Amino acid sequence: MEIVASVTAGLLVAIGIWMLLDRSLLRVVLGVVVLGNGVNLAVVLGGRLGGSVAAFVDGGFSAGIGGVMVNPLPQALVLTAIVIGFALFVFALAVLKRTWELHGNIETDRITAVAEEPAPDLPDEPLPATESHEARR
């Protein structure tokens, strides 16, 4: 079971990275989500899926409840990461929607070109370096 989960985590990470390299911002956002899910699965695997022995106990200890426990720390970390990942996903979708409203496009190259244009309220010529702060007012 752990081998299948490990291969699944690796595939999710690979697919997430592949999606991050796309030009569409929607695929980039979805790539972040898929990558996060792959990493979360990998962290859970670090705490073991099977309940035979806890991850922080050596193999000789099997008496009592210690023999059926799994490590709770990775589970708590992944639960926190899921909540933060969902909030990041919703925020990224809101930014994506606003980008679509402002520019009518969600391709990374066009958004970068718009972002690198100078601001419309800046003067065309730079101010001379010898001018004092009071003279600019």
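## Lining of the largest pocket

In this predicted model, two helices, α2 (25-46) and α3 (72-103), each supply at least two residues of the lining of the largest pocket. The greatest contribution comes from α3, which gives seven residues to that lining.

The volume of the largest pocket is about 220 Å³. Its lining consists of 13 residues, and V32, V33, G36, G85 and F86 are the closest to the pocket centre. Sorted by class, the lining holds nine nonpolar residues and four polar ones, while charged residues are absent from it.

## Helix α2

Helix α2 is made of 22 residues. From its first C-alpha to its last it reaches 32 Å, close to the 32 Å expected at 1.5 Å a residue.

Six positions of α2 are listed as buried: V28, V29, G31, G38, N40 and L45. The buried residues of α2 pack against two other helices, α1 (2-20) and α3. Helix α3 therefore appears in two settings with α2: α2 and α3 each supply at least two residues of the lining of the largest pocket, and the buried residues of α2 pack against α3.

## Helix α3

Helix α3 has 32 residues, which should span 46 Å at 1.5 Å a residue. The C-alpha atoms at its ends are 46 Å apart, so the span agrees with the expected value.

The buried residues of α3 are P74, V78, L96 and T99. These buried residues pack against α2 and α4 (108-115). After α3 comes G104, which has a positive phi, near 70°.

## Salt bridges

How many salt bridges does a search of the whole structure find? The search finds four. One of them joins the side chains of D22 and R27, at 2.9 Å from N to O. Both partners are partly exposed: D22 has a relative accessibility of 27%, and R27 has a relative accessible area of 37%. Each value falls between the 20% limit for buried and the 50% limit for exposed, which is why these residues count as partly exposed.

Another salt bridge links the side chains of E101 and K97, with 2.5 Å from N to O. Both residues belong to helix α3, where they lie four residues apart, about one turn of the helix. E101 is partly exposed at 46% relative accessibility, whereas K97 counts as exposed at 53%.

## A network in α3

E101 also meets R98 in a salt bridge, at 3.4 Å from N to O. Because R98 and E101 are three residues apart in helix α3, about one helical turn separates them. R98 is partly exposed, with a relative accessible area of 48%. Through salt bridges that share partners, K97, R98 and E101 are joined into one network.

Helix α3 thus holds several of the features described here, as cited again below.

- Seven residues of the lining of the largest pocket come from α3.
- The buried residues of α3 pack against α2 and α4.
- E101 and K97, which both lie in α3, are about one turn of the helix apart.
- R98 and E101 are also separated by about one helical turn in α3.

Key
Residues are numbered from 1 along each chain as its sequence is written. This is a predicted model: local features need pLDDT of at least 70, side-chain atom pairs count only at pLDDT 80 or more; totals for chains, interfaces and linings use all residues. Side-chain values use heavy atoms; hydrogens and water are left out. On a 1 Å grid over the protein atoms alone, a cavity is a set of points where a 1.4 Å probe fits but cannot get out, and a pocket is an open set with protein on both sides within 12 Å along at least five of seven lines; lining residues have an atom within 4 Å of a point. Grid points are joined across faces, edges and corners, and a volume is the space filled by probe spheres set on the points. Ala, Val, Leu, Ile, Met, Phe, Trp, Tyr, Cys and Pro count as nonpolar, Asp, Glu, Lys and Arg as charged, and the others, Gly among them, as polar. Buried means under 20% relative accessible area, exposed over 50%, partly exposed in between (1.4 Å probe, protein chains only). The expected span of a helix is 1.5 Å times one less than its number of residues. Contact means heavy atoms within 4.5 Å.
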